[in-house]
Amino acid sequence: MAVPVAQQRKLTQRSGNICAFPDCGLLLTAQGTPEDPVVVLGEMAHIVAESPNGPRGDSPLTPEERNRYENLILLCNQHHQLIDSEGALAKYTVERLHAMKEAHEQRIERRLGGRSNVPSELPPIVNDTVYSNVLPVTQMPRYIYGAPCSAGRESEVRPAATSAGVMTPFILREGRLWAFQDLRDSGNPFADAVACTETERFSTKEWWTDPDKLGWYVALLNRSLNKLTGRLGLRLDHDHHRYYFEPEAAGVERSVPYRPLNANRATRSVVWQPKKRATGEARNYWLHRAVSLRFFLIGDNQWCLSVRPELRVTSDGFESMQAKYIGRQVTRKKSRLFNHDLLGEVQFWRDFLGRSTPRIFFPFGTDRQNLIVSTSLSSGQVRWPGIPAEHDMPFKNVEYVDDLFTWAEAEGLSDDDEDEEEALR
C-alpha cells in the first residue's frame with residue numbers, strides 16, 4: 001500500500017528537507033542535470049514497518065496507520081539502511097525513532113522561525129443562545145380515522161363545506177380514505193364518499209411506530225400544509241416541493257406586512273423584478289420569496305416543523321425558468337445570507353404563517369384533534385467563541401404574546417366538548 005500524497009507532503013514539509021538522524025544534517029535534494037534539475041536523496045522510512053514481517057513490524061497498527069505521517073521519518077539513504085539493519089534493531093526502537101522524529105521537526109521549526117498560523121490570542125469563550133429554523137409542534141391530533149371509499153382517485157373526492165374554517169385534508173390508501181375528522185359521524189365532510197359504519201379509528205401514536213403508516217401520516221400532514229398555505233394565498237411548486245408568492249397582477253411587484261426581528265411592523269417584498277444597480281434597468285427575471293415546509297418526528301412523541309427559506313425565479317412573474325438559467329442567481333443571493341439575514345427570513349415566514357400570533361393553527365373540527373405549531377423559535381445554549389461582531393445582531397421578537405382570541409383558540413376542550421367526544425367513541 002503506497003503512502004498517500006498528503007502524508008508525504010506533510011512529512012517533507014515538517015522535516016525541512018534535512019535528514020532527521022541526529023547530527024547528520026544532509027540536505028535531501030541536490031542539483032541534477034538539465035533534464036532532471038532536482039535529484040531527491042531523501043527516503044521515507046517506516047518507524048513501524050509497512051509489513052508485519054519487516055523491521056519493528058510487530059505492532060497493532062493497521063495497514064493504513066502504518067502509512068500515515070505519524071509513522072514515517074525522513075532520512076538519507078545511509079541512515080535509512082542503518083536503522084533497518086538487523087544488528088541495529090535493538091538500538092533503534094519504535095520509541096527512539098519517534099523521539100528522533102519529534103526532536104528533529106521541533107529543531108527545524110525553531111531554526112526557520114516562521115510565523116505561526118495559529119492566532120496568538122484566541123477569542124474569548126462566551127455563553128450564547130442559538131436559534132434554529134424549526135418550530136415545535138405543541139399538539140398533534142389524537143386520532144386518525146379510515147373508512148372504505150367509493151372513489152378511485154383523490155380528485156374524485158369532494159369534501160362537504162365546513163363551518164368555522166375547518167380544514168379537511170385526506171389521503172386515499174389501499175381503498176380507504178384517511179382523515180382527522182371522525183368518519184363515524186354521519187355528518188362528517190366525507191360522508192358522501194365513505195362507508196361511515198365501517199370506520200376504523202387509530203391512535204396517531206400507533207402510526208408513528210409503523211414505518212409504512214408513518215409515511216401515510218406525513219403525507220396527511222403535508223396535505224394540511226397545502227390547506228394552510230392555500231388559505232394564505234401561496235402557490236405550490238410541485239417540482240421543488242415548496243410554497244411561493246405569486247404577483248396579484250401581471251407585471252406588478254408585491255409586498256406584505258409582517259413583524260420583523262427588531263420592530264413592531266414593516267413590509268417585505270415577496271415578488272419583485274431586480275434592477276441593475278448601475279442603470280436602474282429591470283433585469284430579465286423575477287424573484288419570489290418561497291419556503292420549504294416539512295414535518296419531522298424528532299423523538300418518541302415530539303414533532304417539529306422545519307422552515308427553510310427559498311427563492312423561486314421566473315421569467316415574467318409566473319413562468320418558471322429552467323434550472324440551468326437560475327442556479328447562479330439563487331446561489332449568489334443565498335451566499336449573502338449571514339446569520340442575522342437568514343434568521344430574518346425565518347422570522348418573516350413564521351410571522352406570516354402564524355399571522356403574527358403565538359401559534360400556527362390547523363383546525364380539524366374538535367379541539368383535541370387540532371394541530372398546533374408554536375411560532376417560538378427553537379433554541380439552545382452553547383459555549384463558544386461566538387460570531388463576528390458585524391454579524392452579531394440581537395433581536396427581541398423571539399416569542400409572540402397571546403391576546404384574548406389566540407388564548408381562547410388554544411385553550412383546548414371544554415367540558416361539553418369532552419362529553420361530546422366520549423359519546424362518539
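**Burial and overall make-up.** I looked up burial in this predicted model and found that 39% of the 425 residues in the chain are buried. I then took the accessible surface: the chain exposes about 24500 Å², and carbon and sulfur atoms supply 50% of that area. For secondary structure I recorded 10 helices and 19 strands. Among contacts with a separation of 6 or more, I noted that 65% join residues 24 or more positions apart.

**Cysteines.** How many disulfides does a search of the whole structure find? I obtained 0. I checked C24 in particular: the nearest cysteine sulfur belongs to C19 and is 3.7 Å away. A disulfide requires the two sulfur atoms to lie within 2.5 Å, so C24 is in no disulfide. I also looked up accessibility for two cysteines. C24 has 26% relative accessibility and counts as partly exposed, whereas C196, at 18%, counts as buried. The cut-off for buried is under 20%.

**Helices α1 and α4.** I next examined how helix α1 (residues 5–15) packs with helix α4 (residues 94–112). Their axes are 8 Å apart, and the angle is about 60°. The two helices are therefore oblique to each other. On the α1 side I listed L11, R14 and S15; on the α4 side I listed K101, H104, E105, I108 and E109. By class, the residues of this contact divide into 2 nonpolar, 2 polar and 4 charged.

**K101.** Is K101, a residue of helix α4, buried or exposed? I found K101 buried, with a relative accessible area of 7%. Leaving aside residues up to four places away in sequence, I recorded that K101 touches L11, I47, Y69, E70, L72 and I73. One of these, L11, also appears in the α1 part of the helix contact described above.

**Positive phi angles.** I looked up two residues that have a positive phi although neither is a glycine. The first entry is N17, with a phi of about 65°. N17 is found in the loop between α1 and β1 (29–31), and N17 is partly exposed at a relative accessible area of 27%. The second entry is S356, with a phi of about 60°. Where does S356 lie? I placed S356 in the loop between α8 (339–353) and β17 (359–362). At 26% relative accessibility, S356 counts as partly exposed.

Key. Residues numbered from 1 in each chain as written. Predicted model: local features only at pLDDT ≥ 70, side-chain atom pairs only at ≥ 80, totals over all residues. Heavy atoms only, no water. Helix = DSSP H or I, 4+ residues; strand = E, 2+ residues; numbered from the N terminus. Buried < 20%, exposed > 50% of the residue type's maximum accessible area, 1.4 Å probe, protein only. Contact = heavy atoms within 4.5 Å. Areas by Shrake-Rupley, 256 points an atom, 1.4 Å probe, with all protein chains shown as cover. Axes fitted to C-alpha atoms, helices over the stretch in contact; angles between N-to-C directions. Parallel < 35°, antiparallel > 145°, perpendicular 65-115°, else oblique. Nonpolar A, V, L, I, M, F, W, Y, C, P; charged D, E, K, R; others polar.
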